[in-house]
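Subject: Handover of a structure and findings

Dear colleague,

Please find below the structure that I am handing over to you. My findings follow directly after it.

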Amino acid sequence: MASSAAIGSAAANHSEYDDDYDTVINVTDVGADNNGNESITPVLEEHADDNTLLYFPSGRYYMDEQFRFTGFTNFGMVGHDAELVPASYQDFNDNGGNYRLFRLGVDDNPGTDLRVEGFTVDQTAENTGIRVIEAAVTDGLVVRDINIQGLHDSGTFGPARFEIVNADGTGLVEQFNAPDGGAYIGNAPGDSLWRGPTGILCNQNSGTITYRDCDLGGFPDNGLYASEGTGTIQIEGGRFEGSTGANVRLGGNESYIEDATILVNQQDANGVSQRGLRIEDGSDLVARNVDVRTTIEKSPAIWVTSSADNVAIVDSTVTARADDAMPAISIRESAGRTSIRQTTVDHETSGGPAIKIKQGSEPAILENVTVVGNAPINGTRSAIQNNRDNSEFRNLKIDHGGESGRRALTNTASNVTIYEGDYVSEENAIVESGTGTLIQSVSAKARSGNAALRITSDAENVTVKDSNFANGINDNSSDGYNGSNNSSEYDSGDENDGNSGDDGGSGDDGGSGDDGSSGDDGSSGDDGSSGDDGGSGGDDGGSGGSDDDDYSDVPDGDLCPKR
């Protein structure tokens with residue numbers, strides 16, 4: 001171990017670190033080869049110490065064995081125009097499967113205060129895809145400016161895994177970039193993973209960790225897997241593209257993703273479905289100002305599932321373009337309370353809903369949402385399909401058509417509020433099959449010339465008031481709807497329908513204004529299909545047709561290797 005002193009010229013050249021470390025070491029001054037010929041791992045093992053920074057000046061640094069350092073306090077590695085060059089899978093001395101360049105801290109012996117920054121990793125040579133860094137620290141993680149060049153093609157663990165061990169600890173991963181993605185396991189020499197590597201794995205986090213402006217290309221398992229821990233995940237900016245499973249899996253408590261772009265745009269050669277953003281396993285989870293786009297069959301843009309509770313999708317844009325019947329947003333049975341606000345959904349697929357809300361124990365709240373697009377009547381017919389009790393739809397603007405059987409909103413649930421908003425579609429604008437529904441201050445039109453609102457024979461205790469339904473209301477309910485002050489003239493809605501406005505924060509109280517509403521009441525495995533309406537054009541609107549847009553055969557559980 002090095003003593004607490006400046007070694008070589010590093011301290012003079014990097015005085016900004018003098019206050020942070022007792023010792024700053026230029027690794028080339030203590031024997032590290034920066035011409036890429038000799039492995040630097042022995043040099044790192046010799047000089048790593050507490051309160052020590054290892055500085056890598058310009059050059060290429062070859063590594064053929066893992067550098068492991070645990071239980072440290074205040075350790076760092078900083079590169080300046082420094083390039084790490086892994087050995088090939090065949091030449092890497094893995095010592096029993098340790099295909100990593102840096103392993104810094106472990107679960108039962110973590111480090112504290114770790115800095116790694118300023119490295120390019122050259123994985124352009126064949127079979128050199130090795131995990132760059134795996135870190136477990138109690139607090140004080142800083143990893144930034146890591147740029148991986150080349151495909152992660154060895155079939156080993158993905159580029160990074162991070163864990164904050166202490167609940168009050170924090171970490172930052174900034175500009176960790178692996179845009180070239182990873183290879184499917186069948187095309188790689190290693191075979192220890194199921195489908196292949198994940199881009200960044202964060203599956204046991206207990207503290208707060210921020211991923212800022214990261215760029216991940218297509219990995220065969222997941223892109224950024226930030227779920228299953230009890231801590232907080234903060235994803236700020238970044239681009240996540242083309243990964244199977246999900247481009248981003250967000251879980252934990254009080255976690256969020258904001259200002260990010262997520263693209264589902266690469267068809268998996270093995271036919272595995274994808275998700276843009278998957279929200280799961282946690283509470284108070286927010287997606288804010290996120291642009292999520294999908295162009296791949298059976299690959300919804302946003303998937304809310306697996307005990308995710310109090311979820312908010314806010315100020316976002318969601319786009320689905322595919323030759324397949326599928327939703328842009330799917331709220332699964334296992335998801336808890338979910339709100340979508342100030343968000344635009346653009347849905348142009350071969351059928352299915354733009355937003356699918358399956359049965360669940362907590363309501364869905366949609367407010368100031370705009371849905372546009374066209375689709376045939378393959379699968380669920382409605383732009384929004386709601387099967388969840390106590391849900392609320394406030395000030396929506398829906399203009400979604402296509403074939404003659406399309407609808408803007410179909411509701412089969414109980415105690416639902418549809419308040420304000422403008423609904424335009426083809427066969428009917430709104431089809432109501434629920435119990436105890438309130439429809440108030442709504443404008444709607446069916447381009448077919450049919451009644452804009454159809455109340456089916458399954459509906460009971462429906463109240464309709466202060467609304468404008470082109471060509472009136474087709475009421476087939478046994479008890480007849482309640483209400484008054486309705487018009488059969490369409491008034492084109494209000495200019496503020498669907499207006500994004502001010503989201504009013506991440507909390508969702510489920511209501512605004514005086515609407516007469518009664519308010520609301522309050523992993524693994526696929527949650528299955530509820531048999532949504534699909535529709536046969538009869539008066540029930542609730543049980544006929546197919547559910548081909550649901551993908552209940554797609555595994556909905558833990559698709560990611562733990563390591």
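I begin with Ser-477, which is placed in the segment after strand 43 (473-475). Please note that the model is a predicted one. Ser-477 counts as buried because its relative accessibility is 12%, and buried means under 20%. Its side chain takes part in two kinds of pairing. With the side chain of Asp-475, Ser-477 forms a polar contact of 2.7 Å. The side chain of Ser-477 also reaches the backbone nitrogen of Gly-480, at 3.1 Å. When neighbours within four places in sequence are set aside, the residues in contact with Ser-477 are Ile-455, Thr-456, Ser-457 and Ala-459.

I turn next to strand 6, which spans residues 73-86 and contains Val-78. Asn-74 is found in strand 6 as well.

Is Val-78 buried or exposed? Val-78 has a relative accessible area of 5%, so this residue is buried. Its C-alpha atom is separated by 5.0 Å from that of Glu-117, although the two residues are 39 residues apart along the chain. Apart from neighbours within four places in sequence, Val-78 is in contact with Tyr-17, with Leu-53, Leu-54, Tyr-55 and Phe-56, and with Arg-115, Glu-117 and Phe-119.

Asn-74 counts as buried too, at 14% relative accessibility. Its contacts, again without neighbours within four places in sequence, are with Asp-20, Tyr-21, Asp-49, Asp-50, Asn-51, Thr-52, Thr-112 and Asp-113.

On aromatic residues, a search of the whole structure finds 13 aromatic pairs. Ring pairs join Phe-56, Tyr-61, Phe-67, Phe-69, Phe-72, Phe-75, Phe-102 and Phe-119 into a cluster. Two members of this cluster, Phe-56 and Phe-119, are also among the contacts of Val-78. Elsewhere, the charged end of Arg-275 sits over the ring of Trp-303, at 3.7 Å from the ring centre.

Two backbone conformations deserve a remark. Most residues other than glycine have a negative phi. Glu-228, which is not a glycine, nevertheless has a positive phi of about 80°. This residue is found in the loop between strand 16 (222-226) and strand 17 (232-236). Glu-228 is partly exposed, because its relative accessibility is 29%.

Asn-310 is not a glycine either, and its phi is positive at about 55°. Where does Asn-310 lie? Asn-310 lies in strand 25, which covers residues 308-314. With a relative accessible area of 26%, Asn-310 is partly exposed.

Finally, I report on the cysteines. How many disulfides does a search of the whole structure find? The search finds zero disulfides. Such a link would be a covalent bond between the sulfur atoms of two cysteines. Cys-202 is buried, as its relative accessible area is 1%. Cys-214 likewise counts as buried, at 2% relative accessibility.

In brief, the points that I would ask you to keep at hand are these:

- Ser-477 pairs with the side chain of Asp-475 through a polar contact of 2.7 Å.
- Val-78 and Glu-117 have C-alpha atoms separated by 5.0 Å.
- Arg-275 has its charged end over the ring of Trp-303.
- Glu-228 has a positive phi, and so does Asn-310.

Yours sincerely

Note on methods
Residues are numbered from 1 along each chain as its sequence is written. This is a predicted model: local features need pLDDT of at least 70, side-chain atom pairs count only at pLDDT 80 or more; totals for chains, interfaces and linings use all residues. Side-chain values use heavy atoms; hydrogens and water are left out. Helices (H or I, at least four residues) and strands (E, at least two) are DSSP runs, numbered from the N terminus. Buried means under 20% relative accessible area, exposed over 50%, partly exposed in between (1.4 Å probe, protein chains only). Contact means heavy atoms within 4.5 Å. A polar contact is a pair of N or O atoms within 3.5 Å; within protein, one must be able to donate a hydrogen and the other to accept it, and residues adjacent in sequence count only if both atoms are side-chain atoms. Rings of Phe, Tyr and Trp (its six-membered ring) pair if their centres lie within 6.5 Å; planes under 30 degrees apart count as stacked, over 60 as edge-to-face and the rest as tilted. A charge sits over a ring if NZ of Lys or CZ of Arg is within 6 Å of the ring centre and within 35 degrees of the ring normal. A disulfide is a pair of cysteine sulfur atoms within 2.5 Å.
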